[in-house]
Amino acid sequence: MRTDNAKTIYLKDYLPPDYLIEHVDLAFDLRDEVTQVVSRLQVKKNPASQRDNPPLQLDGEGLTLIELSLDDRQLQADAYRYESATLTIPDVPERFSLLTRVEIRPQDNTALEGLYQSGNMYCTQCEAEGFRRITFFPDRPDIMSGFTSRITADKTRYPVLLSNGNCTDERDLPDGRHQVTWHDPFPKPCYLFALVAGDLRFQQDSYTTLSGREVDLHIYVEPENIDKCDHAMRSLKHAMAWDEQQYGREYDLDIFMIVAVNDFNMGAMENKGLNIFNSKYVLARPDTATDQDFQGIEGVIAHEYFHNWTGNRITCRDWFQLSLKEGLTVFRDQEFSADMGSSGVKRIEDVRLLRSHQFAEDAGPMAHPVRPDSYMEINNFYTVTVYEKGAEVVRMQANLLGPEHYRKATDLYFERHDGQAVTTEDFVKCMEDASRRDLGQFRHWYQQAGTPEIRVEADYDASSNSYHLDFHQSCPSTPGLSNKQPFHIPVVIALLDEAGNELPLQLEGESVPTNTQRVLELTAPAQRFTFTGIAKPPVPSLLRGFSAPVKLDFDYSDRELMFLMARDTDDFNRWDAANTLSQRTLLDLVSSIQAGKPLSIDVGYVEAFAKALNDGQADKALLAEVLSLPAESTLGDQMAEVDVEAIHQAREWLKHELATRLREDLLRVYSTHCQSADYDIEHVSIARRSLKNLALNLLMQLNDPDINELCMNQFQAASNMTDVMAALSALANTDCPQRDEALAAFEAKWRNDPLVMDKWFAVQANAKLPGTLRQVKSLMTHPAFSLRNPNKVRSLVGVFCSANLIHFHAADGSGYEFLTDHVLALDALNPQIAARMLRIMSRWRRYDANRQALMKAQFERVLAKSDVSKDVFEIASKSLAETTTE
């Protein structure tokens, strides 16, 4: 096992850099055989350095060193050391110029970090530590430098040459080559460096800022995709306007550029002035992208643009502070998307993601705080904890401060720290200074891993017309930390009367009622809140809007849940009541299956479902969420030991039962919401399609020839990808003649569109019919599939292993063996993607003894490899070592 580079990095060991880089001049000579990179660094001793006469140490991985000069004096081999991916030069002056000339081979870079080729295009990905694969540099985020980049390439093959900042020079050269120079006036860490070279087309627009500056907007794509940029451009302009209105942030360069790339490890990258995107989050037409795709593009475009201030102008001191930029920016993009569409539905989507993925991460071997204390490979910490839980931590601070003080706090943050690399502590200090609140205890959210659990008990005293709520908070043990300090938890509540009206809230000791909704701040292990002036026992609406990332335990009766589902004035809690009721019903069915009892459901549940389905006045988007059943993975999270077969059987049985009992209602809802109007992505239209396709999906559980034909008709006649994919997904899960016909027709039509083919792969990988693993293996030989393309890996291997639980967790272990086979194959190509795939098995201890043994054997197989990457080694070793939280 290769562990020489798998050492653990600790936050406590942070030291300021010994040297600063004031300016970087880069020259790239792009050629087929080899690319040459010349770098000239203007270096000075850091006054904050804690060492006397330290050597200069630069990171460099996979570089062939051709020339090394200090102050224009070439250094001989005995004047430096280059080993273990570090270039060390002793006895350097306090200020000097360093020139390096290196050769790299982007065409062989399958890890997609640093400079690499995607098809016929050169592009970069430098976050977190990719810049060291381009040239020698102190590759850490707290060194912010000015950059000038000169790019030379063949003009015919690479007519477009882009980098950060503003273009300052363009010229033709002999032999059909040309050269373009870019200068970025804003100092930045090297992880924000970007370069693109290719035969690209661009869609152009402009935006006038609040101060009257006109900014050029360019979206670059390959020629065949130029007609798929309209939505991305609209989203960008909406994001620019929103950031000015909500945060007072204007764009600061003359041009903002986006480039769509097919081969990309992440969603997108916020490189200053030159955002590089996974093409999935740029390209869209109604016939190629679903509603979810359009919304995803809008959110990711906004996220990367918002990074211009929360990530670029102010960045992280070190990678332990990653949530400083990512948590804050996710919160910003969530609020933007809520303002662009349905705020209630957006909140439900965000919380569903948090509960299904982040809560699971908090309960497993990879649990870590929002601000981690250590890591082996930083790429493994681009997690739902850092991003989504980090966003919830910012949201809580915004709610505790209120809109006025939160805006003052962010204004102070931008004013105080512009141009700096800072910490989460600096951010919280701005929240404190602007609001004059003590957030000392709140900092535990950054420091402690795990999902807090809140148990709530209620008591009504008729003699005093008072209502008591007793809160008890705790947090399970996580790796490395058992005894947790109490969190500062904001719980938003309302009390509802029998008609669903919010009651005025007056706490004991207060002279008059305040509002009908208020924030209760939990700071102790146990707290009581007593409300006075309550004439009758109310129904509490707790944790409204999901005001804190916690698990709430309150003993609602089924009747109370149905009441909240129908009457709660908080959209999130209406959905949560329905979700809890469905979850309770499904888990009861699981228990019956395990006990060998006949399956049945309470008539009240069916009536509540029917009442919601037939509510013509309800928000259709919210209604579609309310009527969606919890996922199999969500149900598994509620069980001490996951029963894969019983969960799947219970959920399939309930869907069939609802479809049988409500067939006519579902058909009426389907036909009512079938409209032939032109496609648009307005909230009302998305809601209509969502409810219609939910009805179709339930009806397809019947495997009725007439309904199968109805579904096939939608597949054939639909003019938008949302309706096409809804029909194809339903057919792919149905053993009927139309299934193969639809899959073949889809492939024939879209075989030359990589993103659309990802949908074709995914829908088959997620099929619950027998023989799915065999089909997935067959699809890996399809001409449109490549193990080198992360989107393809995610759509086929990732979907099968993370979403198709009944087949991935097959009792014979074939799913686990399949995953490990491809993790090992991927590790030789792209360790970052390999590690993300392996993480799927990390909670292996939650399953029965047979499955545990099978998964454990696969982890041991990974660790037995002599050349396993540190990315994969960290996931495998931590997964096997963990015992405290399972």
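Begin with the whole chain in view: its 886 residues would, as a compact globule, have a radius of gyration near 29 Å, and the protein has 28 Å, which agrees. The model on display is predicted.

Next, keep all C-alpha atoms selected and turn the trace along its principal axes, where its span is about 90 × 70 × 60 Å. A cartoon representation then brings out 27 helices and 31 strands.

Switch to the surface. The protein exposes about 34,200 Å², and 46% of this area comes from carbon and sulfur atoms. Of the 886 residues, 60% count as buried. If contacts are drawn for pairs with a separation of 6 or more, 71% of them join residues 24 or more positions apart.

Colour the charged side chains now. There are 92 positive and 131 negative charges, and the mean positions of the two sets lie 1 Å apart.

Finally, select the cysteines. A disulfide is a covalent bond between the sulfur atoms of two cysteines. How many disulfides does the count give? The count comes to zero. Cys190 is in no disulfide, its nearest cysteine sulfur being that of Cys126, 7.1 Å away. Cys190 is also buried, with a relative accessible area of 1%.

Move on to Cys711. Which cysteine sulfur is closest to that of Cys711? The closest belongs to Cys736, and the distance of 7.7 Å is too far for a bond, since a disulfide requires the sulfur atoms to be within 2.5 Å. Cys711 is buried, with a relative accessible area of 0%.

Notes
Residues numbered from 1 in each chain as written. Predicted model: local features only at pLDDT ≥ 70, side-chain atom pairs only at ≥ 80, totals over all residues. Heavy atoms only, no water. Helix = DSSP H or I, 4+ residues; strand = E, 2+ residues; numbered from the N terminus. Rg over C-alpha atoms; globule rule 2.2 N^0.38 Å. Buried < 20%, exposed > 50% of the residue type's maximum accessible area, 1.4 Å probe, protein only. Contact = heavy atoms within 4.5 Å. Areas by Shrake-Rupley, 256 points an atom, 1.4 Å probe, with all protein chains shown as cover. Lys, Arg positive; Asp, Glu negative; His and termini not counted. Charge placed at Lys NZ, Arg CZ, Asp CG, Glu CD.
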